Amino acid sequence: MPTVEERTAGIWREILDLDAGTPLGPEDDFFALGGTSLQAMTLVQRLGEEFGVPVALSALLADASLRAVGAAVTAAAAGHEETARP
């Protein structure tokens, strides 16, 4: 099963129109790869759809590395589980 980072990298490739074989590492930055603010909003929406949790745009703006975005997704999922418990 793909990791959060691997799934996130796949979404980046789609949004940034990168070749499927384009290697992306944990320190690659969404904006340095050509991402725009509009694409960042699309990314946040897609992450929410893919992982079923809201990811704040501010998290992406604070650190747009693949590692940090993956961590933001993981943190959002953990927070979502906490609020879903009775």
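**Exercise 1. The largest cavity**

Task: State which helices each supply at least two residues to the lining of the largest cavity in this predicted model, and then describe that lining by residue and by class.

Solution. Step one is to assign the lining to elements: α2 (37-51), α3 (57-62) and α4 (66-84) each supply at least two of the lining residues. Step two is to name the residues themselves, which are L43, V44, L47, V55, A56, A59, L60, D63, A68, V69 and A72. Step three sorts this lining by class, and the result is 10 nonpolar residues, no polar residues and 1 charged residue. Since Asp counts as charged, the charged member of the lining is D63. Step four adds the volume, for the largest cavity holds about 50 Å³ of space, and the count of cavities of 30 Å³ or more comes to 1.

**Exercise 2. A59 in the lining**

Task: Decide whether A59 is buried, partly exposed or exposed, and state how far its C-alpha atom is from that of V44.

Solution. Begin with the location: A59 lies in helix α3 and is one of the residues that line the largest cavity. The relative accessibility of A59 is 29%, and because buried means under 20% and exposed means over 50%, A59 counts as partly exposed. For the distance, take V44, which also belongs to the lining: A59 and V44 are 15 residues apart along the chain, and their C-alpha atoms are separated by 9.6 Å.

**Exercise 3. Helix α1**

Task: Compare the end-to-end reach of helix α1 with its expected span, list its buried residues, and describe the residue that follows the helix.

Solution. Helix α1 covers residues 4-16, which makes 13 residues, and from its first C-alpha to its last it reaches 18 Å, close to the 18 Å expected at 1.5 Å a residue. Turning to accessibility, the buried residues in α1 are T8, A9, I11, W12, R13, I15 and L16. After the helix comes D17, whose phi is positive, near 55°.

**Exercise 4. The aromatic cluster**

Task: Identify which residues are linked into a cluster by ring pairs, and give the geometry of each pair.

Solution. A pair of aromatic rings is described by the distance of the centres and the angle of the planes. The structure holds 2 aromatic pairs. W12 and F30 form an edge-to-face pair, with 5.4 Å from centre to centre and 70° between the planes. This pair links distant parts of the chain, as W12 is in helix α1 whereas F30 is in the loop between α1 and α2, 18 residues apart. Both W12 and F30 are buried. F30 also pairs with F31, again edge-to-face, with the centres 5.5 Å apart and the planes at 85°. W12, F30 and F31 are thus linked into a cluster by ring pairs. Within it, F30 is buried because its relative accessible area is 0%, whereas F31, at 30% relative accessibility, counts as partly exposed.

**Exercise 5. The overall fold**

Task: Describe the order of the elements, and judge from the radius of gyration how compact the protein is.

Solution. The protein has 4 helices and 0 strands, and from the N terminus on its elements run α-α-α-α. Its radius of gyration is 13 Å, close to the 12 Å that the globule rule gives for 86 residues, so the protein is as compact as a globular protein of that length. The C-alpha trace spans about 45 × 30 × 20 Å along its principal axes, and buried residues make up 31% of the 86 residues.

Note on methods:
Residues are numbered from 1 along each chain as its sequence is written. This is a predicted model: local features need pLDDT of at least 70, side-chain atom pairs count only at pLDDT 80 or more; totals for chains, interfaces and linings use all residues. Side-chain values use heavy atoms; hydrogens and water are left out. On a 1 Å grid over the protein atoms alone, a cavity is a set of points where a 1.4 Å probe fits but cannot get out, and a pocket is an open set with protein on both sides within 12 Å along at least five of seven lines; lining residues have an atom within 4 Å of a point. Grid points are joined across faces, edges and corners, and a volume is the space filled by probe spheres set on the points. The expected span of a helix is 1.5 Å times one less than its number of residues. Buried means under 20% relative accessible area, exposed over 50%, partly exposed in between (1.4 Å probe, protein chains only). Rings of Phe, Tyr and Trp (its six-membered ring) pair if their centres lie within 6.5 Å; planes under 30 degrees apart count as stacked, over 60 as edge-to-face and the rest as tilted. The radius of gyration is taken over C-alpha atoms; the globule rule is 2.2 Å times the number of residues to the power 0.38.
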